[in-house]
Amino acid sequence: MSDEVTADIQTTHILDLAASGKRVDGRGIDEYRPIAIDVGFVSTADGSALAHVGDTAVLCGIKLEPGKPFPDTPNAGVLTTNAELIPLSSPTFEPGPPQPGAIEVSRVVDRAIRAAETIDLTKLCVTPGEKTWVCYVDMHVLGHAGNLIDTALLAAVSALTHATVPAKRFAIADADYALDVQHLPIECTFVRLGDQIVVDPTFDEEQAAQGRLTVATDETGRVVAMQKGLVGAFSPEDVKATVRRAFVHGDRLRGFVRGGGP
Amino acid sequence: MIPLSGRYIPKPGDVVVGTVTDVQTTFWLLDIGAPRWAPLHMTGTPWKIDVGETDRYLGVGDSVVVQVESLEATGRIGVTMNGEGLGKLEGGTIVRISPARIPRVVGRGGSMIQTITGQTGARVAIGQNGRIWVDGDAEAIRRVTEVLRMIEANGQRSGLTGRVESYLLATTPTGERGASGPIPPEDREPGPGDGADGAPDEPAWGGDSADPSSFGPADE
Amino acid sequence: MGSVGAKEVPVLLTPDGRRIDGRRLDELRALEIRAGPLKQADGSAFVEWGANKVMAAVYGPREVHPRHLQQNDRAVIQCKYNMAAFSVDERKRPGLDRRSQEISKVIGEALQSVVFTEEFPRTSIDVYIEVLQANAGTRCAGLVAASVALADAGIPMVDLLPAVAVGKVAGAIALDLKKEEDNFGEADLPMALVPQSGRLVLLQMEGHMTEEELGTALDLGVGGCRAIYEKMKAALRDRYSVAPIEEAAR
């Protein structure tokens with residue numbers, strides 16, 4: 001329970017603006033806020049990245065530790081993702097067990113990372129059936145100004161791309177080596193504001209939204225995850241148009257992950 | 001320690017912008033950005049309301065301009081909607097800035113807010129709690145919002161009014177009446193030593209109702 | 001990155017009184033404090049102290065949740081200290097653990113002793129401390145961050161609360177231990193000082209030292225706190241002095 005209430009006139013204003021193709025912060029309907037990614041922010045992690053989309057900030061840290069493979073996949077490594085919507089980042093987050101919002105962010109990001117085969121899990125296997133690397137992807141929301149999902153995946157994929165397998169430290173090999181990343185999934189989130197479907201919603205736009213749609217794409221032209229959230233509906237035509245836009249944004253955002261901007 | 005930021009701490013007499021968070025049979029609870037929700041009793045309104053009928057007048061999410069009347073030792077904040085310039089807000093939107101910046105938004109002698117309303121044609125109601133109601137056409141609201149962000153980021157700088165004027169002149173839509181009209185005279189900026197409390201006793205409303213020229217569009 | 005296999009104790013103190021990172025016994029690690037980095041919070045601070053990175057945010061005074069914690073005559077301070085899973089060499093399982101709960105409690109109580117809580121009856125002041133990267137002394141870094149964040153939130157206080165840990169390393173009393181010193185040292189003594197009164201509002205000790213050593217440690221810690229106090233005040237002055245012109249142009 002938070003003491004934050006969105007004023008109805010603010011919601012109405014957002015919807016009125018959208019009807020004429022405008023947004024509160026002056027952005028276009030199909031425009032992201034400024035993006036910045038700071039790789040290697042945390043030296044205790046095996047890979048890390050702090051991603052900013054506007055005032056939304058997510059810090060992702062990668063940890064690799066030896067463990068046991070699952071019995072049904074003896075030749076594959078284990079990937080675990082976890083998002084913490086810590087109360088530090090927003091007046092609307094509470095302490096305690098993970099809220100549904102945190103679980104949704106975790107799972108939507110997890111699905112994109114897995115489906116895109118971002119890392120080849122078979123390469124994490126050390127001894128089939130006995131020993132494998134467990135790759136932990138922990139995401140910490142530090143600022144929530146809207147669109148957590150896209151920001152979280154940007155942080156996660158950037159951290160994975162620059163991660164090191166600590167093989168020497170765990171006496172599994174003579175030297176550490178770079179984690180092999182084979183694909184780069186990017187999630188693009190849209191919300192419906194009346195007849196408009198706008199990309200990269202702010203916190204206030206999410207409060208006013210009549211439905212949210214997240215589309216994950218990778219660099220090979222595959223759609224690797226989708227998630228419809230919030231109360232509202234999208235037609236199949238809406239979805240198709242949104243997927244097309246997600247590919248265009250995805251190609252640009254991948255530039256930030258690889259480093260050096262779009 | 002003099003707080004230069006943080007939550008709004010109410011003072012009797014402050015005019016504030018609030019949003020209804022709860023409706024009870026004889027009162028509403030308002031979020032005014034203060035440490036606690038402020039009860040607005042039905043007798044503190046210009047309406048004749050029967051017990052249990054409060055929800056016909058204001059519902060959750062509605063916004064109002066009210067005045068802080070009393071602060072009790074229990075932390076209760078008493079507010080009223082009876083008074084000039086107080087009432088329910090219709091249309092427009094609410095922009096939130098740090099309450100510590102409100103004196104700069106008003107400006108010395110109301111000069112800053114006169115510049116803003118004069119150059120944009122927007123209607124503005126300033127709450128001492130850092131919540132500012134802005135109404136007008138979409139472009140006017142956007143320009144005022146931009147100016148408020150500018151003031152928030154540069155509250156300690158001098159020469160702010162000049163910068164705000166330059167921005168507003170540069171963004172004046174072509175053909176708008178008043179674009180070439182007289183600019184309110186440059187105010188005397190508070191010196192650096194005045195800090196954020198340059199004009200603590202200005203009227204809360206951007207347009208004091210006694211002075212309509214500073215409330216509505218100046219060129220109407 | 002620590003070495004899992006290594007068991008041998010590193011050289012913690014050279015004969016000429018230099019520590020593992022070249023510091024003298026009474027020298028602090030590099031400390032940088034930034035006030036107000038988080039826009040969503042009522043107050044915030046980011047502290048980089050040696051290899052520690054700690055963020056703190058303050059929300060409030062605001063309505064109390066859960067309700068039964070409400071106090072009729074004052075504000076309650078609810079403090080939550082948390083370590084990110086990736087903040088330490090061996091991944092920490094996310095969520096509450098006994099250590100974090102204890103640290104949250106002692107930090108909260110230290111803050112409660114300097115905040116004028118009676119000014120805000122029936123409200124809550126929520127203090128969140130997130131350790132993003134840990135290298136010994138995180139509770140002190142967290143308390144320094146929380147204290148600056150409270151000031152940034154405009155919450156009235158007696159004074160800021162500088163904090164530092166003093167320890168015993170290779171038989172010598174040393175200020176502001178880093179990880180290796182903490183792991184292999186003989187004692188750890190975190191403390192927080194109210195500079196105005198000269199009193200301590202947080203004090204814990206793990207390990208062992210003699211009465212004489214304890215006296216030396218306390219004096220060393222108080223001196224360290226006074227130096228940290230100056231940096232805390234400077235961080236707040238920076239935040240509330242003239243903003244860079246570039247920011248205005250954005």
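Student: What makes strand 2 of chain C, residues 43-49, largely enclosed by the rest of the structure?

Tutor: This is a predicted model, and burial is computed from it. A residue is buried if 20 or more other C-beta atoms lie within 10 Å of its own. In strand 2 of chain C, six of the seven residues are buried, so the rest of the structure largely encloses the strand.

Student: How do you know that strand 1 and strand 2 of chain C pair?

Tutor: The cut-off is at least two bridges. Strand 1 (residues 31-35) and strand 2 of chain C have five, in the antiparallel sense. Therefore they count as paired. One facing pair is C:Ile33 opposite C:Val47 of strand 2.

Student: And what makes strand 2 and strand 3 of chain C a pair?

Tutor: Seven bridges, again in the antiparallel sense. The cut-off of two is met, so the pairing stands. C:Glu48 faces C:Lys53 of strand 3 here. The hairpin of these strands has two residues between them, and C:Gly50 takes a positive phi near 55 degrees.

Student: Why does C:Glu8 count as exposed?

Tutor: Exposed means 12 or fewer C-beta neighbours within 10 Å. C:Glu8 has 7 inside 10 Å, so it counts as exposed. C:Glu8 lies in the segment before strand 1 of chain C. Its C-alpha atom is separated by 44 Å from that of C:Ala151, which is 143 residues apart from C:Glu8 along the chain.

Student: C:Ala151 belongs to helix 2 of chain C. How does that helix pack against helix 4 of chain C?

Tutor: Helix 2 (residues 138-152) and helix 4 (residues 211-239) of chain C pack at about 35 degrees, and their axes are 11 Å apart. The crossing is right-handed. Helix 2 contributes C:Val144, C:Ser147, C:Val148, C:Ala151 and C:Asp152 to the contact. Helix 4 contributes C:Ile228, C:Met232, C:Ala235, C:Leu236 and C:Arg239. By class, seven are nonpolar, one is polar and two are charged.

Student: Which residues of that contact are called charged, and why?

Tutor: Asp, Glu, Lys and Arg count as charged. The contact includes C:Asp152 and C:Arg239, so these two take the label.

Student: Turn to chain B. What makes strand 7 and strand 8 edge strands?

Tutor: Start with the sheet. Its three strands run in the order 7-9-8, it is open, and the pairing is antiparallel. Strand 7 (93-96) and strand 8 (123-126) each have a single partner strand, so one side of each is left without a neighbour in the sheet. The twist averages 25 degrees from one strand to the next.

Student: How do you know that strand 8 and strand 9 of chain B pair?

Tutor: Strand 9 covers residues 131-135, and the two strands share four bridges in the antiparallel sense. The cut-off is at least two, so they pair. B:Ala125 stands opposite B:Trp133 of strand 9. Helix 3 (residues 138-153) of chain B lies across strand 7, strand 8 and strand 9, at about 155 degrees to strand 9.

Student: Is helix 2 of chain B, residues 111-120, enclosed or open, and what makes it so?

Tutor: Enclosed, largely: ten of its ten residues are buried, so the rest of the structure surrounds it. Among them are B:Met112, B:Ile113 and B:Gln119. The cover includes helix 1 (102-106), strand 8, helix 3 and helix 4 (160-170) of chain B. Just after helix 2, B:Gly121 takes a positive phi of about 75 degrees.

Student: Which parts of chain B does the predictor score high or low?

Tutor: Chain B averages a pLDDT of 79, and 76% of the residues score at least 70. Among its elements, strand 9 has the highest mean, 97, and helix 4 the lowest, 85. Over residues 176-220 pLDDT stays under 50, and the model has 86 contacts beyond four places in sequence for them.

Student: What makes up the side of chain C that touches chain B?

Tutor: Chain C gives 24 residues to the contact and chain B gives 17. Strand 3 (52-63), helix 2 and helix 5 (245-249) of chain C each give two or more. The largest share, four residues, comes from strand 3. By class, this side of chain C has twelve nonpolar, six polar and six charged residues.

Student: And which element gives the largest share of the side of chain A that touches chain C?

Tutor: Strand 6 of chain A, with five residues. The contact takes 32 residues from chain A and 30 from chain C. The side of chain A has 15 nonpolar, ten polar and seven charged residues.

Key. Residues are numbered from 1 along each chain as its sequence is written. Chains are lettered from A and ligands numbered from 1 in the order in which they are written. This is a predicted model: local features need pLDDT of at least 70, side-chain atom pairs count only at pLDDT 80 or more; totals for chains, interfaces and linings use all residues. Axes are lines fitted to C-alpha atoms, for helices over the stretch in contact, and angles run from 0 to 180 degrees between N-to-C directions. Two residues are in contact if their C-beta atoms, placed from the backbone, lie within 7 Å. A crossing is left-handed if the near helix is turned anticlockwise from the far one by less than a right angle, and right-handed if clockwise. pLDDT is the predictor's confidence in each residue, from 0 to 100.
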